[in-house]
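Open the structure in your viewer. This short tour tells you what to select, stop by stop.

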Amino acid sequence: MHDWREDETAAMKWMEFPREVLIGKNVLNKVPDVLNKLKIGKKVFLVTGKNTVDVAGRQIQEMIEENGGVCEICVSEKASPEEVQKITEAGAALEADSFLGIGSGRSIDLAKLSSKNCDVPFISIPTAASHDGIVSSRASIHSDGKSESFEAQAPIAVIADTEMISRAPFRLLAAGCGDVISNYTSVLDWELASRHQNEPFSRSSAMMAYMSADMITNSADLIRPGLESSARIAVKSLVLSGTAMSVAGSSRPASGAEHMFSHALDRIAKKPALHGEQCAVGSIMMMYLHGGDWEKIRNALLQIGAPTTAKEMGIDDEEIIEALLRAHTIRPERYTILGSGLTPSAAEKIAAVTKVITE
Ligand SMILES: NC(=O)C1=CN([C@@H]2O[C@H](COP(=O)(O)OP(=O)(O)OC[C@H]3O[C@@H](n4cnc5c(N)ncnc54)[C@H](OP(=O)(O)O)[C@@H]3O)[C@@H](O)[C@H]2O)C=CC1
Ligand SMILES: O=C(CO)COP(=O)(O)O
Ligand SMILES: [Zn+2]
């Protein structure tokens with residue numbers, strides 16, 4: 001299928017945003033109403049995970065069937081190209097008229113890309129506020145230790161039940177806050193690339209990404225376990241951050257050197273931590289490299305209760321250093337403060353000064 005957005009020139013910008021965005025207590029019950037309104041509820045393919053199938057997947061399947069629709073569930077584990085292929089084929093076999101991504105970042109990304117392959121809309125239903133891919137049109141797919149950000153499609157609707165999200169393990173919410181806070185360094189990297197390499201830069205997108213990070217740091221004292229109000233703050237900032245990516249047409253405003261560090265850790269660490277946790281810790285170190293206020297990032301994470309050290313993430317100090325050394329090779333086309341790479345002694349110094357590893 002031809003992707004019309006490829007015809008984009010400097011003189012024209014094609015941005016995709018969701019049509020319906022529901023954020024609030026018990027909005028999960030509105031799934032049938034949204035499907036009916038959009039006329040996409042007859043054959044629904046539902047992508048979820050092994051935990052989230054019980055948190056929300058089956059409940060949504062029942063609601064769709066009571067609404068007269070046919071609903072097939074796929075419980076998925078990895079956001080890999082093979083999984084995208086498998087889900088695309090299963091969705092096509094069902095002749096699905098919509099996909100629902102229910103759960104974590106992985107399930108949402110799989111639904112995002114597979115639905116695009118099937119040329120049908122998809123709805124994003126996060127069960128945790130753990131990442132900013134909830135709203136964006138990008139899908140992060142991982143294979144052979146590589147991580148690629150694909151242009152997929154924006155969800156036609158987002159249904160974020162803040163009551164359900166507040167009951168998810170707090171670690172996930174804290175990680176989502178970290179993913180957004182890390183925008184401080186993504187934006188700096190983007191500005192650097194625009195100055196050094198004349199890379200296209202969108203001020204409005206950068207401002208959105210920066211503002212979403214500010215939303216979290218300015219209300220860090222309000223982010224507490226089990227509070228619906230905390231889930232609401234996190235979801236709103238994730239929505240803004242994801243929108244920044246849709247405006248940019250790339251993950252640039254929300255993914256710089258700190259994300260490359262996290263992707264490197266995913267490859268290196270025996271037991272990687274959560275995406276948002278790793279990006280946030282990476283952001284402390286990259287802010288130090290930028291010569292900025294890295295302690296502001298660290299303090300916000302401490303206040304929220306997100307990890308700020310290797311030990312708290314369950315990662316060895318050596319793995320942190322290795323990831324710092326390898327980060328610039330992860331996405332070489334993306335220019336960042338890491339340039340052509342760090343020396344081992346510089347990597348050790350950065351991690352020690354910022355208290356990520358013990359001196
Ligand atoms: N497209 C984009 O723009 C972006 C994409 N990403 C991608 O998203 C992924 C990270 O997402 P993230 O969600 O942090 O991590 P994961 O996708 O690894 O999911 C974390 C875990 O949380 C579980 N979980 C989710 N909700 C609940 C709940 N309510 N109760 C209990 N367990 C729950 C999931 O269960 P289950 O096994 O059921 O899934 C999963 O095991 C990465 O692949 C990253 O690259 C991140 C940011 C932006
Ligand atoms: O995680 C993201 C933004 O928070 C998306 O970024 P990537 O392009 O690094 O996968
Ligand atoms: Zn991220």
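What covers the buried residues of α6? Among the covering elements are α7 (183-197), α8 (203-218), α9 (228-248), α11 and α12 (294-304). Covering here rests on contacts, with C-beta atoms, placed from the backbone, within 7 Å. Helices (H or I, at least four residues) and strands (E, at least two) are DSSP runs, numbered from the N terminus.

Before going on, note that this is a predicted model: local features need pLDDT of at least 70, side-chain atom pairs count only at pLDDT 80 or more, and totals for chains, interfaces and linings use all residues. Residues are numbered from 1 along each chain as its sequence is written, while chains are lettered from A and ligands numbered from 1 in the order in which they are written.

Stay on α6. Of its 12 residues, 10 are buried, so α6 is largely enclosed by the rest of the structure. Buried means 20 or more other C-beta atoms, placed from the backbone, within 10 Å of the residue's own. Select Leu172, Cys177 and Asp179, which are among the buried ones.

Next, select ligand 1. Its surroundings hold 32 residues, and Gly49, Ser104, Gly105, Gly133 and Ala168 come nearest. A residue is near if its C-beta atom, placed from the backbone, lies within 6 Å. Elements giving two or more residues to this shell are α2 (52-66), α4 (105-118), β6 (138-143), α6 (170-181) and α11 (275-290). The most come from α4, with four.

Now colour domain 1 (20-167) and domain 2 (170-354). Both give residues to the shell, so ligand 1 lies between them. The bounds come from an automatic or database domain assignment.

Finally, zoom out. The chain has 15 helices and eight strands.

Key: Two residues are in contact if their C-beta atoms, placed from the backbone, lie within 7 Å.
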